Amino acid sequence: MSVYYTEEHEWIRTDDDGGADSVATVGITDFAQNQLGDIVFVEVPEAGRQVAKGGDAAVVESVKAASDVYAPVSGEVVEGNAALTDDPSLVNSDPEGEGWFFKIRLSDPSELEGLMDADAYKSFCDSQ
Amino acid sequence: MSEPTAPDQTLPLDSWHRAQGGRMVSFAGYAMPIQYEGIMAEHRWTRESAGLFDVSHMGQLLIAGPDSEKALERFLPADLALVKEAGLRYSLLLAESGGILDDLMITRRGDHWYMVVNGATKHDDIENMVSRLPRNVVIDHMKEQALLALQGPKSAEVMTRLAPGAAELGFMQGGAFELDGVRAWISRSGYTGEDGFEISIPANKAEQVAALLTDQAEVKPIGLGARDSLRLEAGLPLYGHDLDPSTTPVEAGLTFAISKRRRAEGGFAGWERIMAELANGPVRRRVGLSVEGRQPVREGAMVVDGEGNEVGKVTSGGFSPMLEAPIAMAYVPTALAETGSGIEIASRGKIYRAKVAPMPFVPHRYQRKGAA
């Protein structure tokens, strides 16, 4: 299992070796949920939807504003987190656990290589 | 919103906000706290207990001079003769076109008027009023004065403890009091829909007073984020969003601010248009909206008809912490303005369904004592 981070404050966790056809889980980071504040609505992509790296994948709305969540990698969505429909605050309380957004089957696992590991992401946040 | 060019000014409580954990953002040209612990928690705290808001960015003005009452009535549609000593009135600074240049509170204080105007518009308001008032009516901008608002059902208990007598005020009444040895002008007023007080004090005493107020168990500091969601639930329009120079008092649903005598006599800025709208109805109205589902619609979203034509606009929108549902204000054609009318909103490539809802969304809890 490896966790990668993007400059858009998303995390992506590969559940197996990260090879071809591997499935990864995507969410937003603790830093991101803290910046957004109280989250009142999340729209996650449906299973079967193809997303491209950098394209719109989900919408998250706080009391203050709406934000897009971009796909950190390309692939096919295999599951959206239905629990967020009823309880969007899971993103605040457990952003890197129960507050995950969607699972995706990677079409190009090499896209993971350009992402940050936990240490690099922490340094990135400290510089924000 | 703020001008992007000029650097933000700091409020008298700037370092105090930061020490309280306030997250500072740019608003009305000032660095201001958007939140401390979180908008939802602060919002609910204000509705259940008491919240302290720093509104020192707002313009506090003194207006004095012979016949200032008549001179102000040229552009305020209020009947100022009915305003008793230390009484407050909500009023509007009107353009000659009948458009709203600002909304404000005006108080009679002996030989002068005390006026509180919006922070983002205060300099324009002063310039505008100076140009329309006779030379012997003068405006003093009280730049060395801070303004705090204590809002919520427990604010009267707090004031009873700290400023004896202030809790005897009725809604929309003010008076001079001492608060921790500081001379304060306190009124029973605010913009959250709750009972509460607004406290005008010298800027150099603001930190002392804010610290004393938040030392009270009932009181927490509240940021701009909750101020916005509170006033939206209370159905209160925000200048620059729900009101602007293109909206009239009739369209905005603020006809209560046009006093009976003034309607009969006229003679104020925009009177012809306003009278015509009062007689025939305006073409559009500000309404409250209850939005289906959980996703909020935001300011700027389009109100559309069945063919997708834009027929109106959302001017404020968000999530109501008390109703746990999205609510909004919008301008819609009068034919769609009846309570219960179905409204469609287009935003971010989606259609949202809403119904016109009575405002306030959450009942007001003002403490009225006789006639103000």
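Biologist: Where in chain B does B:Arg348 lie?

Modeller: In the loop between β19 (342–347) and β20 of chain B. This is a predicted model.

Biologist: What is the phi of B:Arg348?

Modeller: Positive, about 50°, although B:Arg348 is not a glycine.

Biologist: Why is B:Arg348 called partly exposed?

Modeller: Count the C-beta atoms. B:Arg348 has 13 others within 10 Å. Buried needs 20 or more, and exposed needs 12 or fewer. The value 13 falls in between, so B:Arg348 is partly exposed.

Biologist: Which other residue has a positive phi although it is not a glycine?

Modeller: B:Asp67 has one, of about 60°. B:Asp67 sits in the loop between β5 (59–64) and α3 (68–72) of chain B.

Biologist: What makes B:Asp67 count as exposed?

Modeller: It has 11 C-beta neighbours inside 10 Å. The cut-off for exposed is 12 or fewer. Therefore B:Asp67 counts as exposed.

Biologist: How do you know that B:Arg286 counts as buried?

Modeller: By the count again. B:Arg286 has 24 C-beta neighbours inside 10 Å. Buried starts at 20, so B:Arg286 qualifies.

Biologist: Where is B:Arg286 found, and in which strand?

Modeller: In strand β15 (residues 284–291) of chain B.

Biologist: Which residues does B:Arg286 touch, not counting those up to four places away in sequence?

Modeller: B:Pro237, B:Asp242, B:Glu251, B:Ala252, B:Gly253, B:Met329 and B:Tyr331. Take B:Asp242 as one of these. B:Arg286 and B:Asp242 are 44 residues apart in sequence, but 7.9 Å apart in space, C-alpha to C-alpha.

Biologist: Why are α2(B) and α7(B) called oblique to each other?

Modeller: Helix α2 (residues 39–48) and helix α7 (residues 224–233) of chain B pack at an angle of about 55°. Roughly parallel would need an angle under 35 degrees, and roughly perpendicular runs from 65 to 115. About 55° fits neither, and it is not over 145, so the pair is oblique. Their axes are 8 Å apart.

Biologist: Is the crossing of α2(B) and α7(B) left-handed or right-handed?

Modeller: Right-handed.

Biologist: Which residues of α2(B) and α7(B) meet?

Modeller: B:Ile39, B:Glu42, B:His43 and B:Thr46 come from α2(B). B:Gly225, B:Ala226, B:Ser229 and B:Leu230 come from α7(B). By class, this contact has three nonpolar, four polar and one charged residue.

Biologist: Which peptide bond is cis?

Modeller: The one from B:Met359 to B:Pro360, with omega near 0°. B:Pro360 lies in the segment after β20 (350–357) of chain B.

Biologist: How many helices and strands does chain B have?

Modeller: Nine helices and 20 strands.

Biologist: What makes chain B as compact as a globular protein of that length?

Modeller: Compare two radii. The globule rule gives 21 Å for 372 residues. Chain B has a radius of gyration of 20 Å, which is close to that, so it counts as equally compact. Of its 372 residues, 49% count as buried.

Biologist: How does the radius of gyration of chain A compare with that of a compact globule?

Modeller: With 128 residues, a compact globule would come near 14 Å. Chain A has 13 Å, which agrees. Buried residues make up 40% of chain A. The C-alpha atoms of chain A fill a box of roughly 40 × 35 × 20 Å along the principal axes.

Biologist: What does the secondary structure of chain A come to?

Modeller: Four helices and nine strands. Along the sequence the pattern is β-β-β-α-β-β-β-β-β-α-α-β-α.

Biologist: Why is A:Ser62 called buried?

Modeller: A:Ser62 has 25 other C-beta atoms within 10 Å. The threshold is 20 or more, so A:Ser62 is buried. It is found in strand β6 (residues 56–62) of chain A. Beyond its neighbours within four places in sequence, A:Ser62 is in contact with A:Leu36, A:Gly37, A:Asp38, A:Ile39 and A:Val40.

Biologist: What makes A:Ser22 partly exposed?

Modeller: A:Ser22 has 16 other C-beta atoms within 10 Å. That lies between the limits of 12 and 20, so A:Ser22 is partly exposed. A:Ser22 is in the loop between β2 (10–14) and β3 (23–28) of chain A. The C-alpha atoms of A:Ser22 and A:Arg105 are separated by 5.7 Å, at 83 residues apart along the chain.

Biologist: How many residues does the contact take from chain A and from chain B?

Modeller: Eight from chain A and 13 from chain B. The chain A side divides into four nonpolar, one polar and three charged.

Note on methods:
Residues are numbered from 1 along each chain as its sequence is written. Chains are lettered from A and ligands numbered from 1 in the order in which they are written. This is a predicted model: local features need pLDDT of at least 70, side-chain atom pairs count only at pLDDT 80 or more; totals for chains, interfaces and linings use all residues. Two residues are in contact if their C-beta atoms, placed from the backbone, lie within 7 Å. Ala, Val, Leu, Ile, Met, Phe, Trp, Tyr, Cys and Pro count as nonpolar, Asp, Glu, Lys and Arg as charged, and the others, Gly among them, as polar. Helices (H or I, at least four residues) and strands (E, at least two) are DSSP runs, numbered from the N terminus. The radius of gyration is taken over C-alpha atoms; the globule rule is 2.2 Å times the number of residues to the power 0.38. Axes are lines fitted to C-alpha atoms, for helices over the stretch in contact, and angles run from 0 to 180 degrees between N-to-C directions. A crossing is left-handed if the near helix is turned anticlockwise from the far one by less than a right angle, and right-handed if clockwise.
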